[in-house]
Amino acid sequence: MANIPDTVTGAVIISLIDFALSFVIISGIGVALALLPLVNKRWKLDETKLRSGH
């Protein structure tokens, strides 16, 4: 593994890596949120059972 220098160039490299990874994480959260309606259709929950506690 290459060492990142402790200079301004190293800080820019780390910032670019952080910027790219933030897009990956935000996209993953977006995919998970987009799948929630599909999960809700697949496993339909009965609201009356939830309210009664059983």
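This report covers the overall form, surface, charges and selected residues of a predicted protein model.

**Overall form**

The protein chain holds 2 helices and 0 strands. Its C-alpha trace extends over about 60 × 20 × 20 Å along the principal axes. The radius of gyration of the protein chain is 22 Å, whereas a compact globule of 54 residues would have a value near 10 Å.

**Surface and charge**

Of the 54 residues in the protein chain, 2% are buried. The exposed area of the protein chain is about 5,300 Å², and carbon and sulfur atoms supply 70% of that area. The protein chain carries 5 positive and 4 negative charges, and the mean positions of these two groups lie 22 Å apart.

**The aromatic pair**

The model contains 1 aromatic pair. The ring centres of Phe-19 and Phe-23 are 4.9 Å apart with the planes at 85 degrees, so this pair is edge-to-face; the cut-off for that class is an angle over 60 degrees. Both residues belong to helix 1, which covers residues 8-42. Because Phe-19 and Phe-23 are 4 residues apart in this helix, about one helical turn separates them.

How exposed are the two members of the pair, Phe-19 and Phe-23? Phe-19 has 52% relative accessibility and therefore counts as exposed. Phe-23 has 48% and therefore counts as partly exposed. The two fall into separate classes because exposed requires a value over 50%.

**Other residues of helix 1**

Ile-13 is located in helix 1, as are Ser-27 and Leu-33. Ile-13 has a relative accessibility of 34% and so counts as partly exposed. Ser-27 is also assigned to the partly exposed class, with 43%. Leu-33, at 53%, is classed as exposed.

The table lists C-alpha separations for pairs that involve these residues.

| Pair | Separation along the chain | C-alpha to C-alpha distance |
|---|---|---|
| Ser-27 and Ile-17 | 10 residues | 15 Å |
| Ile-13 and Ser-27 | 14 residues | 22 Å |
| Leu-33 and Glu-47 | 14 residues | 21 Å |

Ser-27 appears in two of these rows, once with Ile-17 at 15 Å and once with Ile-13 at 22 Å. For Leu-33, the partner is Glu-47, which lies 14 residues away in sequence and 21 Å away in space.

**Summary**

In short, the predicted model has 2 helices and 0 strands, a radius of gyration of 22 Å and 2% buried residues. Its 1 aromatic pair joins Phe-19 and Phe-23 in an edge-to-face arrangement within helix 1.

Key: Residues numbered from 1 in each chain as written. Predicted model: local features only at pLDDT ≥ 70, side-chain atom pairs only at ≥ 80, totals over all residues. Heavy atoms only, no water. Rg over C-alpha atoms; globule rule 2.2 N^0.38 Å. Buried < 20%, exposed > 50% of the residue type's maximum accessible area, 1.4 Å probe, protein only. Areas by Shrake-Rupley, 256 points an atom, 1.4 Å probe, with all protein chains shown as cover. Lys, Arg positive; Asp, Glu negative; His and termini not counted. Charge placed at Lys NZ, Arg CZ, Asp CG, Glu CD. Phe/Tyr/Trp six-rings, centres within 6.5 Å; stacked < 30°, edge-to-face > 60°.
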